Amino acid sequence: MSTNLKMYQVATLQSLALGYTKSVITVEELLKHGDIGLGTFEGVDGEMIVLDGKCYQATADGTVYEAPADKGVPFCAVSFMQDDEVFEFEKTNGIEEIKTVLNNKIDERFELNSMHVVRIDANFTKVMARSETGRTSHHVELKSLLENNQQDFCFENIEGSLVCLYFPDYMDGINAAGWHLHFVSKDRTKGGHVFDVCFEKANATLSTITTIEIKLPEGAYFDTYALKEASQNDIKKVEQGNK
């Protein structure tokens, strides 16, 4: 198990789901707290992939750019990668197979109540993903925003990496319970939020995390949100990815 390793999270998934999309910190500040993770940007302006100490923005057509240091972040979770365990995947025909393998792995380690970060590197036969354009208005629920601004796309025969975060069931609402996957290509030009993926074989690295620090937004505006009213069904639909 990783030692002295923590998850650093900005805001909560509940606040994002209810429409709190204002900047809490910048990308520059975020990268002081982790070199791998995922999230989104101010106004839900695309999907965030943090990998190898750099922060990438996947835009609505799946094109990836390195995010500028001053770009605002309303929600994310990052950590520093530590090689607790390195293992291989056999041929995988879908995201549910990946989640099953990962669940079995952490179950074997007696760590189902801990948080985890996994990096999976492969030549993917298919990656089904999504991203979205930003919206400046606030208090618009994430489900509604994605229904209007989300785009789905498919990458085929592409080399790259999956960033996979796991939060246990009892943390549902703080973040998404279970596994949440984002993809970025090896050349850092394509990526997004993953809802299906296939590969022939892959290499994976797992880190276990038992500490979390949550940076909540400051100011009275955040207190206008009744976070417990966030719909768990809506959150699950959003995290499943496609429309």
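Here are three short exercises, each with a worked solution, on a predicted model.

**Exercise 1. A strand and its surroundings**

Task: Find out how many residues of strand β4 are buried, and which of them point the same way as Glu47.

Solution:
- Start with the cut-off: a residue is buried when its relative accessible area is under 20%.
- Now go through residues 47-51, which make up β4: five of the five are buried, so the strand is largely enclosed by the rest of the structure.
- Next, think about direction. In a regular strand the side chains alternate between the two faces of the sheet.
- In β4, Glu47, Ile49 and Leu51 point one way, while Met48 and Val50 point the other way.

**Exercise 2. The neighbours of β4**

Task: Which strands pair with β4, and in what sense do they run?

Solution:
- Look at β3 (residues 36-40): β3 pairs with β4 in the antiparallel sense, over four bridges. One pair to find in your viewer is Thr40 with its bridge partner Glu47.
- Follow the chain from β3 to β4: these strands form a hairpin with six residues between them. In that turn, Gly43 has a positive phi of about 75°.
- Then turn to β5 (residues 54-58), which runs antiparallel to β4 and is joined to it by five bridges. Here Leu51 stands opposite Lys54.
- The hairpin of β4 and β5 has two residues between the strands, and Asp52 takes a positive phi near 55°.

**Exercise 3. Salt bridges across the sequence**

Task: For three of the salt bridges, work out which parts of the chain they tie together.

Solution:
- Begin with the total, which is 16 salt bridges.
- Take Arg109 and Asp84, whose side chains meet at 3.7 Å, N to O. Arg109 lies in the loop between α3 and β10, and Asp84 in the loop between β8 and β9, so the pair ties together parts that are 25 residues apart in sequence.
- Move on to Lys126 and Asp196, with their closest N and O atoms 3.9 Å apart. Lys126 belongs to strand β10 and Asp196 to strand β13, so this salt bridge links parts 70 residues apart in sequence.
- Finish with Lys186 and Glu159, where the closest N and O atoms are 3.5 Å apart. Since Lys186 sits in the loop between β12 and β13 and Glu159 in strand β11, the pair ties together parts that are 27 residues apart in sequence.
- As a last step, compare accessibility: Lys186 counts as exposed at 54%, whereas Glu159 is partly exposed at 42%.

Terms used: Residues numbered from 1 in each chain as written. Predicted model: local features only at pLDDT ≥ 70, side-chain atom pairs only at ≥ 80, totals over all residues. Heavy atoms only, no water. Buried < 20%, exposed > 50% of the residue type's maximum accessible area, 1.4 Å probe, protein only. Pairing = 2+ DSSP bridges. Salt bridge = Lys/Arg side-chain N within 4 Å of Asp/Glu carboxyl O.
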